[in-house]
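Visitor: Could you walk me through this one? I'd like to go piece by piece, with reasons where there are any.

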Amino acid sequence: MFLGLALHCSCVSSDLSVIEDRQYQIDDVNYAMGHGVTDKVIHCSPTGSGKTVIQCKIAERELARGNSTAILTPRNEILDQTLGMARQLCEYGNVSVLRAKRIGETWNPVNPVHIVSWPTLIARVKRSDFWFPKVDRVLVDECHLSMAPKILEILRHYAPKARIDGYTATPARLTGRGLGHFFTEIKHVTTVRQLIADGYLAPVEYYGAATPDLTGIRVRRGDYETKKLSKACVELVGDAVDNWLRLASDRHTITFAVDIAHCEALADRFRYCGVEAAALHTGMDQTERDGVVKAFKAQKIQVLVNVTIASYGFDAPSVNCVQACRPTKSIVLHLQMIGRGMRPKPDGGHCLMLDHAGNTQALGFADDLYRWTLDEGREAAYNWSRDERSGEEKESKSHHCENCSHIFKQSRICPRCGWKVPFSKRDVDVLDADLVPIGRNTAKRLPDGWSSYEVFFGMLRHHAQQKGYKPGWAFYKFKEKAQCEPPPDWNNHAMVPPNERVKNWIRSRNIAHAKGRQKARGSQQ
């Protein structure tokens with residue numbers, strides 16, 4: 001375990017021995033048990049709210065009624081979690097699993113509870129209707145993916161006779177269109193904001209960084225064209241790793257890449273810098289993918305670079321940093337990515353969101369008030385937090401700190417480093433009582449968590465002495481970070497061994513310098 005971080009799950013302990021009852025879950029189970037067979041309801045509940053718990057409790061209630069249930073899941077990573085919980089709540093012998101290529105697993109069509117892999121069911125019903133589990137209720141996990149023709153055909157098979165419920169944090173297609181083609185109602189179970197307030201989700205701190213040039217990259221089916229997007233994002237691979245070393249080198253991280261080439265390039269760059277990192281994508285066979293996921297959840301891998309696989313249904317509570325290295329126009333993908341790091345932390349800490357894609361400022365924060373519709377003709381997601389008449393207290397727009405790259409809102413002062421958003425001329429006209437400090441002496445503060453200016457300079461001098469650098473090295477490095485010059489008398493103060501954060505910053509600057517020299521040599525050849 002690379003950092004000794006303790007695994008924690010807000011709903012279920014790591015051995016699935018204790019399942020926590022939450023009132024909103026109980027209310028949603030009761031709601032599901034009461035609606036009619038013609039109502040096809042989407043239960044919209046955020047990542048980390050315990051949708052798997054709700055589904056398995058519904059199966060348990062149906063079992064007590066003498067009814068049968070099928071829970072449909074899109075991926076093995078989700079299926080394993082659902083299977084374990086269903087066996088705990090509904091008893092092992094009542095639960096059957098239908099998926100391919102698993103030693104020791106058999107499907108029994110007469111069992112009252114079925115955990116079903118979509119791809120396996122789609123493949124087998126082509127050969128025979130025998131493979132359709134005969135059930136009274138169908139629960140569709142990650143139902144925002146269910147509008148694909150093949151899975152939609154399966155849902156329509158059940159629609160006349162079984163009650164159907166969908167579960168997702170983001171009830172819209174990746175293109176942004178609603179799910180009204182099949183479902184008839186959306187029930188909002190709870191909100192991210194409420195879950196954070198109750199301690200069921202970790203708050204998120206956002207940092208922005210250099211973003212790729214998207215000029216000439218077309219939008220197809222609601223998102224950027226992958227091939228050209230990948231090429232643009234590969235150019236930022238070094239920047240992504242440098243910023244991670246500076247801000248998150250002690251964090252368990254999921255990084256999102258554009259495609260396989262971008263994913264492998266990022267993972268290789270992390271490993272080159274001495275970080276335990278691995279790639280995860282559909283180009284790997286299932287056994288290899290399972291091995292990587294297992295090692296990451298055991299914290300033998302610190303950074304998992306993936307292409308979409310970890311964007312939904314991927315439960316790793318120890319993750320406390322998410323890195324978005326792929327721009328997207330999809331609010332669904334954006335929120336799913338952030339949600340991977342929002343499981344509550346044992347120390348009550350926050351999740352760090354490193355946004356190299358500009359997604360946060362374009363699409364919003366995870367705890368914004370989103371309301372979803374079934375409308376297929378326009379964007380299904382509506383961000384009330386950006387509406388001046390949202391029904392709640394008006395929230396200010398987000399700001400990008402020019403000093404520490406923190407993304408924040410509801411204030412003109414960065415909560416991390418104290419940098420102030422400058423007023424525009426229009427703002428000054430209206431708020432002429434507010435004075436904005438200007439001039440060379442208004443130096444920017446170091447981010448919270450760093451040492452004082454004086455100690456920081458002492459650390460740089462200590463490092464320079466140990467490495468045999470020229471006397472001016474500490475001066476110029478201090479000026480680069482603090483945006484001001486150290487007083488001359490500080491050269492007479494005691495030197496201090498640099499801490500890990502300062503070491504990582506120095507390392508990131510050395511990498512950037514070496515990369516710049518290499519690029520310059522290449523341009524001269």
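Visitor: Which exposed residues does H5 carry on the face turned away from its buried side?

Guide: Some ground rules up front: this is a predicted model, where local features need pLDDT of at least 70, side-chain atom pairs count only at pLDDT 80 or more, and totals for chains, interfaces and linings use all residues. Residues are numbered from 1 along each chain as its sequence is written, and side-chain values use heavy atoms, with hydrogens and water left out. Here buried means under 20% relative accessible area, exposed over 50% and partly exposed in between, with a 1.4 Å probe and protein chains only. On the face of H5 turned away from its buried side, the exposed residues are Pro149 and Glu153.

Visitor: And how wide is the arc that holds the buried residues of H5?

Guide: Helix H5 covers residues 149–158, and its buried residues are Ile151, Leu152, Ile154, Leu155 and Tyr158. Helices (H or I, at least four residues) and strands (E, at least two) are DSSP runs, numbered from the N terminus. The arc is taken from the directions from the helix axis to the C-beta atoms. Looking down the axis of H5, the buried residues line one face because they fall within an arc of 155 degrees.

Visitor: What do those buried residues of H5 pack against?

Guide: Contact here means heavy atoms within 4.5 Å. By that test, the buried residues of H5 pack against strand S2 (69–73), helix H4 (118–125), strand S5 (137–141) and strand S6 (163–168).

Visitor: On to the open sheet of eight strands: which are its edge strands?

Guide: Strands of a sheet pair through backbone hydrogen bonds, either parallel or antiparallel; two strands count as paired if DSSP finds at least two bridges between them. This open sheet runs S12-S13-S11-S14-S15-S8-S19-S18, with mixed pairing. Pairing on one side only marks the edges, and those are S12 (277–280) and S18 (399–400).

Visitor: Inside that sheet, what is the bridge partner of Phe256 in S14?

Guide: Strand S11 (residues 253–256) pairs with strand S14 (residues 321–324) in the parallel sense, over four bridges. In S14, the partner of Phe256 is Ala324.

Visitor: What angle does the direction of H11 make with that of S14?

Guide: Helix H11 (residues 331–339) packs on the sheet and touches strand S8 (204–208), S11, S14 and strand S15 (351–355). Axes are lines fitted to C-alpha atoms, for helices over the stretch in contact, and angles run from 0 to 180 degrees between N-to-C directions. For H11 and S14 that comes to about 150 degrees.

Visitor: Salt bridges next. How far apart are the closest N and O atoms of Lys57 and Asp21?

Guide: A salt bridge needs a side-chain nitrogen of Lys or Arg within 4 Å of a carboxyl oxygen of Asp or Glu, and the structure holds eleven of them. Lys57 counts as buried at 14% relative accessibility, while Asp21 counts as exposed at 53%. Between Lys57 and Asp21, the closest N and O atoms are 2.2 Å apart.

Visitor: Lys515 and Asp242 form a salt bridge too, so how many residues apart in sequence are the parts that this pair ties together?

Guide: In this pair the closest N and O atoms are 3.9 Å apart. Lys515 is partly exposed at 34% relative accessibility, whereas Asp242 is buried at 4%. Asp242 also touches other residues, including Arg269 and Ser508. Because Lys515 lies in helix H16 (residues 500–524) and Asp242 in helix H8 (residues 237–247), the pair ties together parts of the chain separated in sequence by 273 residues.

Visitor: Which residues are linked with Arg137 in a network of salt bridges?

Guide: This network takes in Arg137 together with Glu62 and Asp165.

Visitor: How far is the sulfur of Cys90 from the closest cysteine sulfur?

Guide: A disulfide is a pair of cysteine sulfur atoms within 2.5 Å, and a search of the whole structure finds zero. Cys351 is in none, the nearest cysteine sulfur being that of Cys321, 6.6 Å away. Cys90 is buried, at a relative accessible area of 1%. Its closest cysteine sulfur is in Cys56, too far for a bond at 6.5 Å.

Technical notes: Lists of a residue's contacts leave out its neighbours within four places in sequence.
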